[in-house]
Amino acid sequence: MQTNRPNCHADPANSRAVGELRGSVASSAISSADRVVPLPASGAEAAPSPRAGAVSRRRVLASAAAAVCGPLLLEPASAFGYAANEQLGIALIGVGGRGQWFVETIPRIGQRVVAMCDVNDARAADSFNKLPDVPKYRDFRKLLDAEDRRLDAVVVATPDHNHAPISAAAMRRGKHVFCEKPLTNSIWEARTLRRLAVETKVATQMGNQGTATHAFREAVEIVQSGMLGAIREVVVWNCGGNSRRPPPNGGEPVPAGLDWDLWLGPAPDRPFHRAWMQWQSWRELGTGKLGNWAIHSANLPCMALRLYELWNEEPKARPNAAGAASGTDPIGPAVATHSSTAQHAASSASAAGSSPPTHSTARADNANNAPPGAANRRPTIKVEAAVAVRDRVSFPNWEMIRYEFPARGTMPPVKLLWCNGIQAPGFREAIEPHLGRKLACGGNGPWLDDSGCLLIGAEGVLHATGHNSSYRLLPEDRWRNAPRPEPTLPRSGSHEREWLSACRGGPAAMSNFGYGGVLTELVLLGNIASQFDRAIDFDPPAMTCPGDDEAAAQLRRPYRTGWTLL
């Protein structure tokens with residue numbers, strides 16, 4: 001089946017089903033915090049807040065709903081309250097490239113752009129010209145100082161390495177933040193932003209827009225209803241691979257209109273060279289295909305299989321073996337009952353030793369292979385990578401990365417295989433048997449084959465497209481007329497509108513920094529694993545790699561003098 005290439009950044013409310021692919025839109029709520037908390041059946045509306053003087057902008061919500069879907073879920077989102085129909089004053093930071101989308105979208109959905117910021121005049125020219133009367137800045141810190149009284153929120157759409165310092169600075173000033181994906185360049189930065197969101201109680205959202213679609217939320221409900229049986233295998237892929245580059249030698253004159261020092265932000269100092277501007281290719285600046293694409297395509301497995309629960313200190317049990325909650329779902333609009341389970345740690349111990357990151361339908365029994373005493377240890381995530389070449393500066397052209405996740409309550413252990421680069425050995429073999437056909441990547445074939453994910457259950461397979469904004473159940477003839485589960489997750493407008501609602505005191509957005517931060521940590525583990533010729537273990541609550549100081553050192557990147565998140 002061939003479909004037209006989707007605009008992943010268009011308003012999800014306009015998405016439609018194509019053939020047997022189901023695609024639509026929705027919205028829910030979360031917030032960042034240090035544990036998952038139940039979601040009240042309904043959230044109280046925020047009391048209207050007069051905007052008389054900017055001095056008293058910060059009005060705490062009477063009792064905002066807190067959505068549970070994050071690993072570290074917030075307390076009720078006590079963001080500052082605004083009247084439901086009042087415009088917010090929003091600053092756009094980073095308006096070239098991806099940022100151009102927000103230059104058009106924010107006014108289109110009825111909000112005020114009160115300031116714009118970019119360090120590169122040439123890249124920002126078109127965006128600046130579209131809003132000629134809006135004040136322009138190069139330094140986001142000067143913008144935050146000068147516009148504080150008019151500013152309610154910021155949108156961050158810079159290169160990855162600047163996401164964290166800009167978002168942190170805005171949150172510390174009490175501004176709501178929408179940050180494009182991936183949330184950060186490093187795991188430590190993601191953890192820091194999650195905690196800051198808790199402390200500041202602002203509304204946050206990471207820009208993986210597929211989360212807002214009806215199809216994404218319906219797919220979560222299908223998996224958690226048990227329709228597909230227990231899911232022990234997941235495959236996530238992108239046909240493109242990375243673009244490995246050798247680092248440039250020497251420097252070049254800095255182009256007119258570019259503030260090179262501000263462009264580098266917290267990254268180590270270096271002379272300007274145009275090659276560094278291809279920031280997606282460099283580990284110190286970008287995150288490769290994992291941060292650019294897996295953050296979309298692995299979103300559904302992370303949420304539907306409750307992988308985020310591994311970031312809690314105490315794992316939560318679920319009532320049935322298929323992984324379905326009894327009655328209600330913790331992400332949804334009703335309270336879910338949780339109970340601790342001693343079996344969680346025992347069932348999640350990883351097998352001793354490591355094997356090549358291939359994906360077999362045979363399941364290893366983790367408990368039988370666990371080392372002595374493993375039942376008393378906190379579960380860890382094991383990650384191992386086969387790559388074209390180990391490179392600490394750039395990213396490999398292809399990579400096959402296997403994640404092994406322990407049980408989450410009654411949900412069984414699951415293996416997730418990230419396949420990046422169709423030239424990788426075993427790429428097609430990992431995907432095509434489950435699709436029931438050959439992949440057609442690029443060219444005149446179905447473009448949606450270029451990326452996607454497969455959740456492989458005992459009773460059926462769910463195939464979602466790259467942004468998780470449409471899906472199909474396989475085999476199609478079996479599932480074509482099968483009824484879907486009763487909805488447990490709310491449906492609403494677009495990803496941006498969901499965040500704006502949270503800014504006004506509504507439920508926290510579904511990809512808030514509590515959940516979005518964990519998803520970012522999850523995918524960035526692959527970038528650490530691709531640097532080593534061995535498996536690494538990661539303890540999510542402790543944010544460490546037990547017994548592996550070399551891998552643990554990669555969880556945090558050094559900031560140059562003058563830049564900090566703390």
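# Reading the sheets, helices and cores of a predicted model

Modeller: Let's start with one strand pair: strand β8 (residues 231–238) and strand β12 (residues 451–457) run antiparallel and are joined by seven bridges. Keep in mind that this is a predicted model.

Colleague: Happy to start there. Which residues stand opposite each other in that pair, for instance opposite N238?

Modeller: N238 faces S451 in β12. Further along, V236 has C453 as its bridge partner in β12.

Colleague: And what joins β12 to β13?

Modeller: A hairpin makes that connection, through three residues. The two strands run antiparallel with five bridges between them, and G452 has T465 as its bridge partner in β13.

Colleague: How should I read the side chains along a strand such as β12: which residues point which way?

Modeller: The general idea is that side chains in a regular strand alternate between the two faces of the sheet. In β12, S451, C453, L455 and G457 point one way, while G452, L454 and I456 point the other way.

Colleague: Is β12 mostly covered or mostly open?

Modeller: Mostly covered: seven of its seven residues are buried. That holds for the residues pointing either way.

Colleague: What is the strand order in the sheet they belong to?

Modeller: It is an open sheet of eight strands, ordered β14-β13-β12-β8-β11-β10-β9-β15, and the pairing is mixed. At the edges are β14 (471–474) and β15 (536–538), each of which pairs on one side only. Ignoring direction, neighbouring strands are turned by 15° against each other on average.

Colleague: Which strands does helix α12 touch?

Modeller: Helix α12 (residues 427–435) packs on this sheet and touches β8, β10 (399–405), β11 (414–420), β12, β13 (461–465) and β14. Its direction makes about 120° with that of β8.

Colleague: Now the other sheet, the one of six strands. What are its order and pairing?

Modeller: This open sheet has the order β4-β3-β2-β5-β6-β7, with parallel pairing. Its edge strands are β4 (136–137) and β7 (204–207), each pairing on one side only. As an example from within the sheet, strand β2 (residues 89–93) and strand β3 (residues 112–117) run parallel and are joined by five bridges. There, I90 has V113 as its bridge partner in β3.

Colleague: Which strands does α4 touch in this sheet?

Modeller: α4 packs on the sheet against β2, β5 (153–156), β6 (176–180) and β7, and its direction makes about 170° with that of β6. α15 packs on the sheet as well, touching β6 and β7, with its direction at about 35° to that of β7.

Colleague: Why is helix α4 described as largely enclosed by the rest of the structure?

Modeller: Eight of the ten residues of helix α4 (residues 163–172) are buried, so the rest of the structure largely encloses this helix. The buried ones are H163, A164, P165, I166, S167, A168, A170 and M171. Just after α4, G174 takes a positive phi of about 80°.

Colleague: Let's turn to the nonpolar cores. How many residues are in the largest one?

Modeller: The general idea first: in soluble globular proteins, nonpolar side chains tend to be buried together. Here the largest nonpolar core has 105 residues, and V154, L300, Y403, F405, L455 and L462 have the most contacts inside it. Helix α15 (residues 513–529) contributes the largest share of this core, ten residues. Apart from it lies another core, of 24 residues, including F102, A153, F178 and W499.

Colleague: What is F405 in contact with, leaving aside its neighbours within four places in sequence?

Modeller: The partners of F405 are L307, L310, I381, P413, V414, L416 and L522.

Colleague: And the largest pocket: which residues lie nearest its centre?

Modeller: G96, A157, T158, P159 and W279 do, out of 35 lining residues. About 660 Å³ of space lies in this pocket. α4, α7 (260–264) and α8 (288–297) each supply at least two residues of the lining, and α8 gives the largest share, three residues.

Colleague: To finish, how many helices and strands are in the protein chain?

Modeller: The chain has 16 helices and 15 strands. Of its 566 residues, 62% count as buried. Among contacts with a separation of 6 or more, 73% are between residues 24 or more positions apart.

Definitions and conventions:
Residues numbered from 1 in each chain as written. Predicted model: local features only at pLDDT ≥ 70, side-chain atom pairs only at ≥ 80, totals over all residues. Heavy atoms only, no water. Core = buried A, V, L, I, M, F, W, Y, C linked by side-chain atoms within 4.5 Å. Buried < 20%, exposed > 50% of the residue type's maximum accessible area, 1.4 Å probe, protein only. Helix = DSSP H or I, 4+ residues; strand = E, 2+ residues; numbered from the N terminus. Contact = heavy atoms within 4.5 Å. Pairing = 2+ DSSP bridges. Axes fitted to C-alpha atoms, helices over the stretch in contact; angles between N-to-C directions. 1 Å grid on protein atoms, 1.4 Å probe; cavity = no way out; pocket = protein on both sides within 12 Å on 5 of 7 lines; lining within 4 Å. Points joined across faces, edges and corners; volume = space filled by probe spheres on them.
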